[in-house]
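Visitor: Please take me through one part of this model in close detail. I would like the ligand site, and then the packing around it.

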Amino acid sequence: MNLLITGGAGFIGSNFTRYIARKHPDWKIIVLDKLNYRGRRENLLEVEGRLKFHFIHGDICIEGDVAPLLPGIDWVINFAAETFVDRSIMSANDFVRTDVLGVFTIMEAMREHSPEGRLLHLSTDEVYGEILKGKAGEDWPLAPRNPYSASKAGGEMLVSSYINTHNFAAIIARPSNNFGPHQFPENFIPLFITNALEKKPLPLYGDGRQVRDWLFVEDCCVALEMLMEKGELGEVYNIGGGEERENILVAELICQELGVDKKAIKLVKDRPGHDRRYALDSGRLASLGWAPSKPFEERLTETVRWYVENVDWWKPLKSGEYKEFYRQWYGERL
Ligand code: NAD
Ligand code: DAU
């Protein structure tokens, strides 16, 4: 099997690359990544020396970066995106570019240079908008409510349109909130773990009662591989951890794990357009044989331990440009 993994230096993409490289040593893997502030070459250290691994520094929005990599590729797995909701509120430019135009560029290049290739495209549960009751099935209407999720909805609607119009070979995956090793320390769980370790306040938005459906990143990787093996082309698949928790409870668990006083949790001004709850019905994926491997709390303990043991990985990421973002975004909140 020959894979092109776009965005493979980021959080889920690098976990997926390491997972596939371990499980299928004979598969050829090309990672194409622009290395934005979240894309880290060091996330791929484990696979860098491997014979059948190639890293290409490039942009999915540039046809000339994508096209030469496509001949002979069986699957393109597209993780490449701008992904952090708060930054999409500050400026949505890069989100519209990569999450919409980038998807279009990949598909056009594939139509010309790998007509036999298939695309596994990463969308998100955020495309359903907030789900106040029940669990979203794949046939629910899309109702994104922030610039990130709107861009992701635009990208995946283009994929659907190519499936319908051009008989394009693609599968769309909509995972819920991933957590685990190598997540950039601006997302909720790694931010709270690393802030707690640095004895800084933990800025909880609004009343902290928002709900996310947590999915351990390795379980997401297993699901994605299963979709390549058994998923139906042209279909959409939810990937939900089925572990709904209020943010405040997760924040308290992190404090408990690290022996930090819960007073470190500080309720701050809410994120504009903050979706109250996400929840997915993952029955379609479960019917292929997938289920999350361990309970949320066990995986959270493992994740906290990973950040405790890998200070050298995350500490530098919280300096430089990130410090400036933190000052701008949280300055008036904290
Ligand atoms: P991430 O931000 O950690 O990684 C994204 C990667 O894409 C980075 O390595 C970045 O350098 C690269 N990239 C960005 N723009 C690019 C471009 N124009 N060309 C090439 N590479 C580019 O994101 P993540 O959390 O790993 O998410 C991966 C995918 O999964 C995204 O599509 C995201 O929307 C989706 N998703 C994420 C989650 C989650 O909880 N993290 C949940 C559902 C869906
Ligand atoms: O649901 C899937 C999505 O999950 C992905 O598509 C996105 O790429 C990913 O970034 C993530 O988006 P969220 O906005 O849900 O994740 P985030 O980690 O930013 O926030 C999780 C929850 O924690 C959310 O309710 C907001 C809250 N939060 C977050 C931060 C950064 C806080 O209360 N305080 C914070 O400082």
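Guide: Here is the ligand site, followed by the cores and one serine. This is a predicted model, in which local features need pLDDT of at least 70, side-chain atom pairs count only at pLDDT 80 or more, and totals for chains, interfaces and linings use all residues. Residues are numbered from 1 along each chain as its sequence is written, chains are lettered from A and ligands numbered from 1 in the order in which they are written, and side-chain values use heavy atoms, with hydrogens and water left out.

Start with ligand 2. There are 23 residues around it, and Asp125, Tyr148, Asn177, Arg271 and Tyr330 come nearest. A residue counts as near if one of its heavy atoms lies within 4 Å of the molecule. By type, the shell holds 10 nonpolar, seven polar and six charged residues. Here Ala, Val, Leu, Ile, Met, Phe, Trp, Tyr, Cys and Pro count as nonpolar, Asp, Glu, Lys and Arg as charged, and the others, Gly among them, as polar.

Where does the shell come from? Helix 4 (85-90), helix 7 (188-197) and strand 8 (202-205) each supply at least two of its residues. Strand 8 gives the largest share, three residues. Helices (H or I, at least four residues) and strands (E, at least two) are DSSP runs, numbered from the N terminus.

Now the polar contacts, pairs of N or O atoms within 3.5 Å; within protein, one must be able to donate a hydrogen and the other to accept it, and residues adjacent in sequence count only if both atoms are side-chain atoms. In the side chain of Arg271, an N or O atom is 2.6 Å from an oxygen atom of ligand 2. Glu126 has a polar side-chain atom 2.9 Å from a ligand 2 oxygen. For Asn247 the distance to an oxygen atom of ligand 2 is also 2.9 Å. The protein covers 94% of the 690 Å² of accessible area that ligand 2 has on its own (Shrake-Rupley method, 1.4 Å probe; for residues, only the protein chains shown count as cover).

Next, the packing. The largest nonpolar core has 37 residues, and Phe16, Ile77, Leu120, Leu224, Leu227 and Ile239 have the most contacts inside it. Such a core is a set of buried Ala, Val, Leu, Ile, Met, Phe, Trp, Tyr and Cys residues joined through side-chain atoms within 4.5 Å. Helix 8 (residues 217-230) gives this core its largest share, eight residues. Apart from it lies another core of 35 residues, including Leu191, Phe192, Trp314 and Tyr326.

Last, Ser14 in helix 1 (residues 11-23). Ser14 counts as buried because its relative accessibility is 0%; buried means under 20%, exposed over 50%, partly exposed in between (1.4 Å probe, protein chains only). Its side chain reaches the backbone oxygen of Phe11 at 3.3 Å.
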